[in-house]
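Got the structure open in your viewer? Let's walk through it one selection at a time.

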Amino acid sequence: MFRGALWLLAGRGYVGRGLSTRSGGSTPDWTEKVSEIKKKIQSALPGGPWDPLYDTSHLPPEHSDVVIVGGGVLGLSVAYWLKRLEKPRGAIKVLVVDRDHTYSQASTGLSVGGIRQQFSLPENIQLSLFSVDFLRNINEYLAVVDDPPLDVQFNPSGYLLLASEKGAAIMESNVKVQRQEGAKVCLMSPEQLQNKFPWINTDGVALASYGLEGEGWFDPWCLLQGLRRKIQSLGVLFCQGEVTRFITSSSRMQTSSGKEMTLKRIHEVHVKMDHSLEYQPVECALVINAAGAWSGQVAELAGIGKGPPGTLEGTKLPVEPRKRYVYFWHCPEGPGLETPFMADTSGAYFRREGLGHNYLGGCSPTEEEEPDPGNLEVDHDFFQDKVWPHLAHRVPAFQSLKVRSAWAGYYDYNTFDQNGVVGPHPLVVNMYFATGFSGHGLQQAPAVGRAVAEMVLEGQFQTINLSSLLFSRFYLGEKVEERNII
Amino acid sequence: MGETTWRTETPVQQPASTARHSLHLVAPIWNLGTSGIRGLSSAVTPEGNQRKGRMLLQFLTDRFYDVEALRGYLFQKQVSKVHKENRFQGKEWIRSTEHGYSPLQLLSFQAVPIEAVDASDCAINYEGLDNLLALKELQSLLLQRCPHVDDWCLSRLHQLANSLQELSLAGCPRISERGLACLHHLQNLRRLDISDLPAVSNPGLTQILVEEMLPRCEVLGAEWAQGLKLGPEEQSRDTASPIPA
């Protein structure tokens, strides 16, 4: 007991102080020395990152079963569902690689955060319906022991899409499909629209569709952080680095009709560290391409698209970054608390933000006006010329507004048919895609993550059948068009 | 049928004395509802400038047994009508027995539309609301202090838009201003209680915005002036010292 008391005193530094006064000079704190020694011992024990030559704690592990390229909401969603659906528990080692841990250019954080079921493709509607359920029960899915519950700040205000004369028939058939899939959407005539939202100018509107339940907007950061926290607790590793190379092996196979195909398999992923030439080869069994706007580049690294055009080898992944601007303005006379997320006939959209008559909005440019996606600089003239006239025409109160700020983000734009790509590549057999959602990736992320995890673990889609969104449609030329792109 | 069940209660004694005494004896059986015994007598004999007529009637009642019997009969009919309005199809409130089961009579009322539901302090949640949303003639819904009612639940209430006139959400810990935004579907709402919502970030401003959103509705909630600070003139009057810059 006396020895224990002495140890306590030593820990508190009394003895140290006594020693120092005897020696006559100031010595470093005894507790600091003890903790340093403890750290050294811990790092030398097995399981620690200690390498006698240099510290490798920032490098990813040398082996991982699944490497997910891209740490945005889609990549994290795939990681979550892989860990949730795997049998037995802890069977799969997952590594998420993202080159920017601040997410400064990631589409997830820069998104306006809307979620809707008003799509024309039934698969999109089902994906969105499941994602809304996921958000509603987010604490059942993503709860971590001892951590506070998540609040995604969902605004259940619905989406209001307006259609002119020529779009009215399409809108009606879309709403029919949406209702069939179980979405709660209603159609409104211009008179009903004027009654319900007196601040709208219904000039030029032939029909409107309004989502009554399960549509609105939420905080994408909360979802991202919630997913991140949960999958870290499930044992998924994160690494900040850029994927620069895939080491693959090929094998020649013959199809049943005698045609020769070259199938590739990725064996290693080279992950390069930030601001250095250092890289780590990660041996893996599967690679999931969830790199968002840069998925095309990642696919090219794996050799997708390198071949004579018109063949399966030569079919590139048609996903490229497209810059979209979002403007934040204040309008004291603007529409009130009941404002839905409104998308005009011209493509301009806006929604409320908070209680203080602030609004967010923008417009997707036409093909000719596409801005250069090289950087995320905002073009304020675009608002003046292209967005404001349409907004002011539709909502007369917006004739006087003041833009407070603006930002830009990327769409992972699928130039083929503006719908996502999900599932394995036919030739590079262990690369799976979860990308290309062209502006509605955030709202479908939970469901897409589950679909990809099912594809990886079971070999087929179990809950929502996304076979129409496989890569092969690019080669076969089968467009799966989504007509309601905002 | 109403009259017979009424008679199974304590029967009214009709003394040989004046009809005024019989009027008083009816009072204990009949509980709240109408304005009082005087109101009833005024229903039997019309008010206004008929004082002479009333005096004549009183004189006749005192004199003739037939007039008294007729007046008593008319009076009984009035009372039983009021009594019927205070009962449900001639019976008292149907209450569950001490073991918690409702009597089987409840099943016979399945076709009757429900007008008001008080689900205060109930642990009702999003899926549980299915039961309430099926009541297409619901006029009054009280969800005070329900711990699981949140913004998602409010987004489902649009299904009651045609009939709902009164809604109370006071004290629900999970409701925020985002859920209140979807109450604008309820255009028939006349009374809304949104007081004491801890998750609403700015109760005064929210109240103003909700009042603007539902112009025909009376909104009870936070006093919108409670969050405001005194202006500089008022402050100097109170403290009698210069305001620090």
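How far apart do the end C-alpha atoms of residues 65-455 of chain A lie? Select that span and look at its two ends: their C-alpha atoms are 15 Å apart. Helix takes up 28% of the span and strand 30%. Keep in mind that you are looking at a predicted model. As for the name on this stretch, an unreviewed UniProt entry annotates residues 65-455 of chain A as "domain: FAD dependent oxidoreductase".

**Stop 1: a covered strand in chain A**

Stay in chain A and select strand S6, residues 207-211. Buried or exposed, what are its residues? The strand is mostly covered, with 5 of its 5 residues buried. Turn on the side chains. In a regular strand the side chains alternate between the two faces of the sheet. Here A:Leu207, A:Ser209 and A:Gly211 point one way, while A:Ala208 and A:Tyr210 point the other way, and all are buried.

Now add the strands paired with S6(A). Strand S4 of chain A, residues 159-163, runs antiparallel to S6(A) and is joined to it by 4 bridges. Strand S5 of chain A, residues 185-188, is also antiparallel to S6(A), again with 4 bridges. A:Ala208 is a handy residue to centre on: A:Leu162 stands opposite A:Ala208, and so does A:Met188.

**Stop 2: loops in chain A**

Go back along the chain to the loop between S6 and helix H9 (190-196) of chain A, where you'll find A:Thr202. This threonine is buried, at a relative accessible area of 18%; the cut-off for buried is under 20%. Which residues does A:Thr202 touch, leaving aside those up to four places away in sequence? Show A:Pro190, A:Leu193, A:Gln194 and A:Arg394 to see them.

Next, select A:Lys87 and A:Pro88. The peptide bond joining them is cis, with omega at about -5°. A:Pro88 sits in the loop between helix H4 (73-85) and strand S2 (94-98) of chain A.

Then move on to A:Tyr103, in the loop between S2 and helix H5 (107-110) of chain A. Its backbone is worth a look: phi is near 55°, a positive value in a residue other than glycine. A:Tyr103 counts as buried because its relative accessibility is 6%.

**Stop 3: chain B**

Switch to chain B and colour by secondary structure. Chain B has 10 helices and 5 strands. Of its 245 residues, 35% are buried. Its accessible surface comes to about 15700 Å², with 54% of that on carbon and sulfur atoms. Among the contacts in chain B with a separation of 6 or more, 66% are between residues 24 or more positions apart.

Select the strands. They form an open sheet of 5 in the order S1-S2-S3-S4-S5, with parallel pairing. The edges are strand S1 (116-118) and strand S5 (218-220) of chain B, each pairing on one side only. On average, neighbouring strands of this sheet are turned by 5° against each other, direction ignored.

Zoom in on the S1 edge. S1(B) runs parallel to strand S2 of chain B, residues 140-142, and 3 bridges join the two. To find one of the pairings, pick B:Ala116 and look across to its bridge partner in S2(B), B:Ser140.

Now try B:Asp196, in the loop between S4 and H9 of chain B. It isn't a glycine, yet its phi is positive, about 60°. B:Asp196 counts as exposed because its relative accessibility is 62%.

**Stop 4: where the chains meet**

Follow chain B on to helix H9, residues 203-213. Its buried residues are B:Gly204, B:Thr206, B:Gln207, B:Leu209, B:Val210 and B:Met213. What do they pack against? Within chain B, they pack against helix H8 (177-180), strand S4 (191-193) and S5; across in chain A, they pack against strand S14 (348-353).

For the last view, show both chains together. The contact takes 22 residues from chain B and 19 residues from chain A. The two chains bury about 1900 Å² between them, 63% of it on carbon and sulfur atoms. Which residues of chain B lose the most area to chain A? Highlight B:Trp152, B:Arg178 and B:Leu209, which together make up 39% of what that side buries. B:Leu209 is one of the buried residues of helix H9 you just selected.

Terms used:
Residues are numbered from 1 along each chain as its sequence is written. Chains are lettered from A and ligands numbered from 1 in the order in which they are written. This is a predicted model: local features need pLDDT of at least 70, side-chain atom pairs count only at pLDDT 80 or more; totals for chains, interfaces and linings use all residues. Side-chain values use heavy atoms; hydrogens and water are left out. Buried means under 20% relative accessible area, exposed over 50%, partly exposed in between (1.4 Å probe, protein chains only). Contact means heavy atoms within 4.5 Å. Accessible areas come from the Shrake-Rupley method with a 1.4 Å probe; for residues, only the protein chains shown count as cover. UniProt positions are given in the numbering used here, feature names are shortened, and annotations may be inferred rather than shown by experiment. Two strands pair if DSSP finds at least two bridges between them. Axes are lines fitted to C-alpha atoms, for helices over the stretch in contact, and angles run from 0 to 180 degrees between N-to-C directions. Buried area is the accessible area (1.4 Å probe) that two parts lose on being put together, summed over both.
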